[in-house]
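New to this one? Take a moment to look over the sequence and the 3D view before reading on.

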Amino acid sequence: MRTRATIALTTALLATLAACSSSSDDKADTPNSSPTMAAKTPTTTPTPPDAIELERVADTYVNLYFGGDAKGAYAFLSKRCRTKADPATYAATAQQATKDYGPDHPATDVHATVSGDMGRVSYKVKGLPKFDQQGQPWTVEGGAWKYDAC
C-alpha cells in the first residue's frame, strides 16, 4: 500500500514539475517517458484457491500417500499438522500403508466445498472403503490448499 502511495505521490510531483517548467523549445514540452504510466500499472490480487483446485489437490495427496511418496504427501500437510507429525514418523506410516494395501488406490468421487480459506473434501479411496472421507478439513496456507485433518 505504501509503495502505491509513494508511486502516486511521485507521479503527481513529477507532473506538477513538468507543468511548471517553461521553455520555447518544443522538445522540452514533451517528456521522454510518461510518469503517469507507473500509476496505471495494474496490480493483481491473488485469487484464493477454489473447490475445483481443492479436489485436484486432495486427489494428488491420496495418490502420493498410497503410492508410497511420503515426502510428497508430507508437503501437503498444514503447518499445524506438521507440528504433530514429524517427517520420519509420517514417512513410516505412509510406507506401511503402501505395503499393506498397495499403490493403486486413487481417490474417486471427490467433492469439495469451500468457505474462505477453509475447505472440506469428501472422497472414496478405490478398493479401501475404510479410508473413505466425509468432510475432511483442508486450509489455505501461502495460497495453496493444505491437509488439516490432524
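What follows is a short tour, from the whole chain down to single residues.

## Before you start

This is a predicted model, so local features need pLDDT of at least 70 and side-chain atom pairs count only at pLDDT 80 or more, while totals for chains, interfaces and linings use all residues. Residues are numbered from 1 along each chain as its sequence is written, and side-chain values use heavy atoms, with hydrogens and water left out.

## The overall layout

The protein chain has seven helices and four strands. (Helices are DSSP runs of H or I with at least four residues, strands are runs of E with at least two, and both are numbered from the N terminus.) Follow the sequence along and you get the pattern α-α-α-α-α-α-α-β-β-β-β.

Of the 150 residues in the protein chain, 28% are buried. Here, buried means under 20% relative accessible area, exposed means over 50%, and partly exposed is in between, with a 1.4 Å probe and protein chains only. The accessible surface of the protein chain is about 10,000 Å², and carbon and sulfur atoms hold 57% of that; such areas come from the Shrake-Rupley method with a 1.4 Å probe, and for residues only the protein chains shown count as cover. As for contacts (heavy atoms within 4.5 Å), take those in the protein chain with a separation of 6 or more: 51% of them are between residues 24 or more positions apart.

## The disulfide

The structure holds one disulfide, a term for a pair of cysteine sulfur atoms within 2.5 Å. The partners are Cys-81 and Cys-150, with their sulfur atoms 2.1 Å apart. They tie together distant parts of the chain, 69 residues apart: Cys-81 sits in helix 6 (residues 79–84), and Cys-150 in the segment after strand 4 (144–147). The torsion about the S-S bond of Cys-81 and Cys-150 is about -90°, so this disulfide is left-handed. The two ends don't share the same label, because Cys-81 is buried at 2% relative accessibility, whereas Cys-150 is partly exposed at 41%.

Asp-148 is also in the segment after strand 4. With 11% relative accessibility, Asp-148 counts as buried. Leaving out residues up to four places away in sequence, Asp-148 touches Cys-81 from the disulfide, along with Ser-78, Arg-80, Pro-137, Trp-138 and Thr-139.

## The largest pocket

Rolling a probe the size of a water molecule over the atoms shows where empty space is left. The search uses a 1 Å grid over the protein atoms alone; a pocket is an open set of points with protein on both sides within 12 Å along at least five of seven lines, where a 1.4 Å probe fits, and lining residues have an atom within 4 Å of a point. The largest pocket has a volume of about 290 Å³, meaning the space filled by probe spheres set on the points, which are joined across faces, edges and corners.

Which residues lie nearest its centre? They are Tyr-61, Tyr-65, Tyr-90, Gln-136 and Tyr-147, out of 16 that line the largest pocket. Helix 4 (51–66), strand 2 (118–125) and strand 3 (133–141) are the elements giving two or more residues to that lining, and helix 4 provides the largest share, four residues. By class, the lining has 14 nonpolar, two polar and no charged residues. (Ala, Val, Leu, Ile, Met, Phe, Trp, Tyr, Cys and Pro count as nonpolar, Asp, Glu, Lys and Arg as charged, and the others, Gly among them, as polar.)

## Two residues on helix 4

Tyr-65 belongs to helix 4 and is buried, at a relative accessible area of 17%. Its C-alpha atom is 9.8 Å from that of Tyr-90, 25 residues away along the chain. Beyond four places in sequence, the residues Tyr-65 touches include Tyr-90, Ala-94 and Ala-97.

Leu-54 is in helix 4 too, buried at 0% relative accessibility. The residues that Leu-54 touches, again beyond four places in sequence, include Thr-113, Val-121, Trp-138 and Trp-145.

## An unusual backbone angle

Most residues other than glycine have a negative phi. Asp-109 has a positive phi of about 50° although it is not a glycine. Look for Asp-109 in strand 1 (residues 107–115), where its 49% relative accessibility makes it partly exposed.
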